[in-house]
Every structure is written in C-alpha cells, then in structure tokens.
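Please read the following report alongside the sequence and the coordinates. It moves from one residue to the metal site, the aromatic rings and the interior.

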Amino acid sequence: MSPSVNIYYSDEYALATGLETVTKSAEVAAAIVADPALAVRLVAPAPATRAELRAVHEDSYLRTVFAAGPGELPTGPRTPALRRSLLASTGGMRDAVAEALRAGRSGSLSSGLHHARRGAGEGFCTLNGLALGALRALRDVASVGILDLDAHFGGGTFEILGEHPQVRLADVSVNGYDQWEPTAPARHHVELVTDPAAYLDAVSRALRSLEGVRCVLYNAGMDVHERAGGLKGLTTEVVRRREALVFGWARGRGIPIAFALAGGYRWGGLTLAQVAALHLETVRACAAD
Ligand SMILES: [Zn+2]
C-alpha cells in the first residue's frame, strides 16, 4: 500500500448553514473516512492568523472580518463560528502547500477562496487562501503556479498576485464570472470554454503554461460539472479525466501540488452527498499511486 497522503481538515471548517461553500467539507471528510481503500489521513491545520493575512489583505478589510458583533461576510452572518471556519480553512491551504513541498502532494477541504480581493470579499469568498498558500510556497521555492479550474474565474487571486513576478496563473473557466485580463502573457493564461468537447484540451494548455514552476496550487472546482452548476456536457467522466490529467502531470514532473475543493453546488440537481462524491474524485486522483 502506498504511504497515506495528508489532507487538511478539521471540524471547524464546516458549518451547517446550508450554503455549500461552508457545509460540504464535512460531507467530503465523512466520505474519505468511510473509504478504507483511500490512503488519506485527515490532519487539522493551524488556523490562519490576522498577522499573516496582512500579506494578502488590507488592514481595513481584516478589521471588518475580525470585528465583533453583527455583520455580514460573503458566506453568511459574521459569527465566531464562521470566523473560526474561515481561519481554519484558509490556514489549511497554507499547511497543504507546506505539506506538498515536503511530501509531493496534499490538499485542503477548503472552498471560497479565489474571488476574495485584497480589500473585499466577493462571490462566497472571504479570505484568499490560494494567495496565502502561494506566498507560503515562495518561502521555499522560486516559482509557484495557481491552476484554477473552478467554473468561474479567479479575479481575486489575479488582483492580489497578478503582478508578482514569481507567480504564474492559469485559469480555465466555463462561466464568465470574475474574468480578468492578462497583463503578463508569459505568466498569465486565461481561457473561457463554452464547448464541453474542448474542455480537456483547454486544461492541457493551462498545464503547459505552468511548465517549469516549482509548486502548483490547484483550485479544483467541481462546479464545472453539468449538474453541479456548470456546463452541459461536462460529465463525471470528464471531471474524472481532468483530475487524472492534472495529478498525472504534476506527478510525472515531480511538481509538488496542493488542491482546494473550491466550487460545487446543488443548483444543477445534485444532493450534497453527490457534490461531495464529485470532490472525492479530486481526493482519489491526488492519493492515487
Ligand atoms: Zn465557482
């Protein structure tokens, strides 16, 4: 049996609010625990701290996120439990990157990252754990890539790290929400896919654009799936092939890779358990030999 892969999750991640972004990680964790054939160990991360978040967010915005008392954040009312969830799942992405650099692969059952800007939350995203994770990687390696295959573009990640010379962004989406314009062609790859038959070729081009980076963060949204909020014709078989393609690419090149769950919703008719089963495809591909 292959050595088990450490994936970050703690009970603090999940809140039973009904919103997939903060609810589904518990379902994915339960599915991992229920599958003894999966060589995965769930590990609790160190929560992100306000001090380290200053590297990716403005102080004035962090004051809003950390304020006591009533208020609204992108995933619901600002409660102590929601703040603990945000800090745990954001810290999980940072720890997953550190673990990938040590062991080659890891992930965190985190969602709601890539639309968050320096000074504002947006689209179910409050804190940009991808940006925090990328900066963690750059403590150890000279270049990092962020592969964003969520159904929507990661305009927040671009706003925070688009100008960073050691960061490459590859963003393939099936929906124009939060699209951004490349400003550095050698480091920025953006594609909007509207034909499901063209999807995996677009993923391959995105991977080619990341050739040579020393670490990859993978925002593995399942909202591309035709029944999870995505594009008609993008089936479970296609997302399964996508995950094999991404992790096979990283493994073949010895590039450390750390994933986040990202989007995946019941809008297209799935149950939460079925959404979790889609995310399990990412976990399986990450843990495969
Ligand atoms: Zn999305």
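R284 counts as partly exposed, at 37% relative accessibility, where buried means under 20% relative accessible area, exposed over 50% and partly exposed in between, with a 1.4 Å probe and protein chains only. This is a predicted model, in which local features need pLDDT of at least 70 and side-chain atom pairs count only at pLDDT 80 or more, while totals for chains, interfaces and linings use all residues. Residues are numbered from 1 along each chain as its sequence is written, and side-chain values use heavy atoms, with hydrogens and water left out.

R284 lies in helix α9 (residues 272-287); helices (H or I, at least four residues) and strands (E, at least two) are DSSP runs numbered from the N terminus. Leaving aside its neighbours within four places in sequence, R284 is in contact with D35 and L38, contact meaning heavy atoms within 4.5 Å. The C-alpha atoms of R284 and A37 are separated by 9.8 Å, although these residues are 247 residues apart along the chain.

The metal site comes next. D150 (OD), H152 (ND1) and D223 (OD) coordinate the zinc ion at 2.0 to 2.1 Å; donors are N, O and S atoms within 2.8 Å of the metal (3.2 Å for Na, K and Ca), and water is not among the atoms, so sites may look incomplete. The spacing of the donor residues in sequence is D-x1-H-x70-D. Because H152 lies in the loop between β6 (144-148) and α6 (155-161) and D223 in the loop between β9 (216-219) and α8, this pair ties together parts that are 71 residues apart in sequence. Both H152 and D223 are buried.

Six aromatic pairs are found in a search of the whole structure. Rings of Phe, Tyr and Trp (its six-membered ring) pair if their centres lie within 6.5 Å, and planes under 30 degrees apart count as stacked, over 60 as edge-to-face and the rest as tilted. F247 and F259 form an edge-to-face pair, at 6.4 Å centre to centre and 85° between the planes. This pair links distant parts of the chain, with F247 in helix α8 (residues 236-253) and F259 in strand β10 (residues 257-260), twelve residues apart. F247 is buried at a relative accessible area of 3%, and F259 is buried at 0%.

Elsewhere, ring pairs link F124, Y265 and W267 into a cluster. The charged end of K24 sits over the ring of Y265, 5.6 Å from its centre, a term that requires NZ of Lys or CZ of Arg within 6 Å of the ring centre and within 35 degrees of the ring normal.

F124 and D178 are residues other than glycine with positive phi values, and the table sets out their surroundings.

| Residue | Phi | Loop | Relative accessible area |
|---|---|---|---|
| F124 | near 70° | between β5 (105-108) and α5 (129-137) | 27%, partly exposed |
| D178 | about 65° | between β7 (167-173) and β8 (188-192) | 11%, buried |

In the interior, the largest nonpolar core has 96 residues, and L109, L147 and Y199 have the most contacts inside it; such a core is a set of buried Ala, Val, Leu, Ile, Met, Phe, Trp, Tyr and Cys residues joined through side-chain atoms within 4.5 Å. Apart from neighbours within four places in sequence, the residues in contact with L147 include A170, L210 and V246.
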